[in-house]
Amino acid sequence: MKRYNLLIVLLLLAFNLATAQKNSPAADFSAIGEAKTKIENTVPLVLEHLKVIADKEGDNSIYTNGKTALGKEYAILQSEFWLYNGNMSNCILNNSSKKAKKCMQYHTQYLRNTFINYNNYISYITKKNGYIGVDSDIKKDFTPSEITKKLGDAYYVASEASQRMKGTQRKEFLEQPKSDDYKLKPYAEVAQ
């Protein structure tokens with residue numbers, strides 16, 4: 001009879017380890033890579049639009065000034081995005097499950113507000129750009145609420161998966177979003 005109990009315990013342990021592996025960093029944190037791509041893709045679209053407006057108006061300062069202003073907005077978003085990934089991992093590592101969720105909600109809301117500000121800026125610059133009647137056919141794939149929902153969900157899943165991990169495995173798992181792979185590219189590189 002004791003052998004069967006031991007077998008059940010071993011099977012449950014194997015199931016828990018397999019479940020934790022299923023919630024691997026690649027599956028959980030892929031939303032960060034998607035968000036990174038969506039953010040970086042906004043820059044060439046906006047710059048292309050500014051170039052069209054500058055050519056149409058015969059005033060290259062529209063492009064030059066717009067490029068500089070976009071760089072400032074991108075820098076704000078870049079630093080907030082990097083802080084968000086670090087803060088979310090720290091929320092999970094340093095808090096109980098209940099406190100971690102509250103901490104993660106706070107940081108996700110703050111990032112969402114930063115995304116909304118950036119989206120409002122690029123919407124303004126691509127739709128009007130200070131010229132009445134100048135509209136754009138630009139199609140950007142950047143929706144702040146959608147992106148932050150996916151990011152928040154990814155971190156909640158990561159939090160649950162990490163609860164089943166122990167010691168260094170948990171720490172290494174939560175260090176992944178802080179890797180350079182998830183950093184936004186520098187503006188100068190994206191703006192070429």
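## A tour of an eight-helix chain

Residues 24 or more positions apart make up 79% of the chain's contacts that have a separation of 6 or more. Keep in mind throughout that the model is predicted.

**Whole chain.** Start by selecting everything and showing it as a cartoon. The chain has eight helices and zero strands, and reading along the sequence gives the pattern α-α-α-α-α-α-α-α. Next, switch on the surface. The accessible surface comes to about 11300 Å², and carbon and sulfur atoms hold 56% of that area. Of the 192 residues in the chain, 39% count as buried.

**Helix H4.** Select residues 61–94, which form helix H4. Within H4, pick out Asn 85. Is Asn 85 buried or exposed? Its relative accessibility is 0%, so Asn 85 counts as buried, the cut-off for that class being under 20%.

Now show the side chains around this residue. Which residues touch Asn 85, once its neighbours within four places in sequence are left aside? They are Ile 32, Tyr 155, Pro 177 and Tyr 182. Select these four together with Asn 85 to view the set of contacts.

**Helices H6 and H7.** Move on to residues 144–163, helix H6, and residues 167–175, helix H7. The axes of H6 and H7 come within 10 Å and cross at roughly 165°. Because angles over 145 degrees count as roughly antiparallel, H6 is roughly antiparallel to H7. The crossing of the two helices is right-handed.

To see where H6 and H7 meet, select two groups of side chains. On the H6 side, choose Ala 158, Ala 161, Ser 162 and Gln 163. On the H7 side, choose Arg 170, Phe 173 and Leu 174. Colour the selection by class: the contact of H6 with H7 has four nonpolar, two polar and one charged residues.

**Gln 163.** Stay with one residue from that contact, Gln 163, which lies in helix H6. How does Gln 163 count by relative accessibility? At 36%, Gln 163 counts as partly exposed, because that class lies between the 20% limit for buried and the 50% limit for exposed.

For the last stop, add Ser 97 to the selection and draw a distance between the C-alpha atoms of Gln 163 and Ser 97. The two residues are 66 residues apart along the chain, and their C-alpha atoms are separated by 8.2 Å.

Terms used. Residues numbered from 1 in each chain as written. Predicted model: local features only at pLDDT ≥ 70, side-chain atom pairs only at ≥ 80, totals over all residues. Heavy atoms only, no water. Axes fitted to C-alpha atoms, helices over the stretch in contact; angles between N-to-C directions. Helix = DSSP H or I, 4+ residues; strand = E, 2+ residues; numbered from the N terminus. Parallel < 35°, antiparallel > 145°, perpendicular 65-115°, else oblique. Left-handed = near helix turned anticlockwise from the far one by under 90°. Contact = heavy atoms within 4.5 Å. Nonpolar A, V, L, I, M, F, W, Y, C, P; charged D, E, K, R; others polar. Buried < 20%, exposed > 50% of the residue type's maximum accessible area, 1.4 Å probe, protein only. Areas by Shrake-Rupley, 256 points an atom, 1.4 Å probe, with all protein chains shown as cover.
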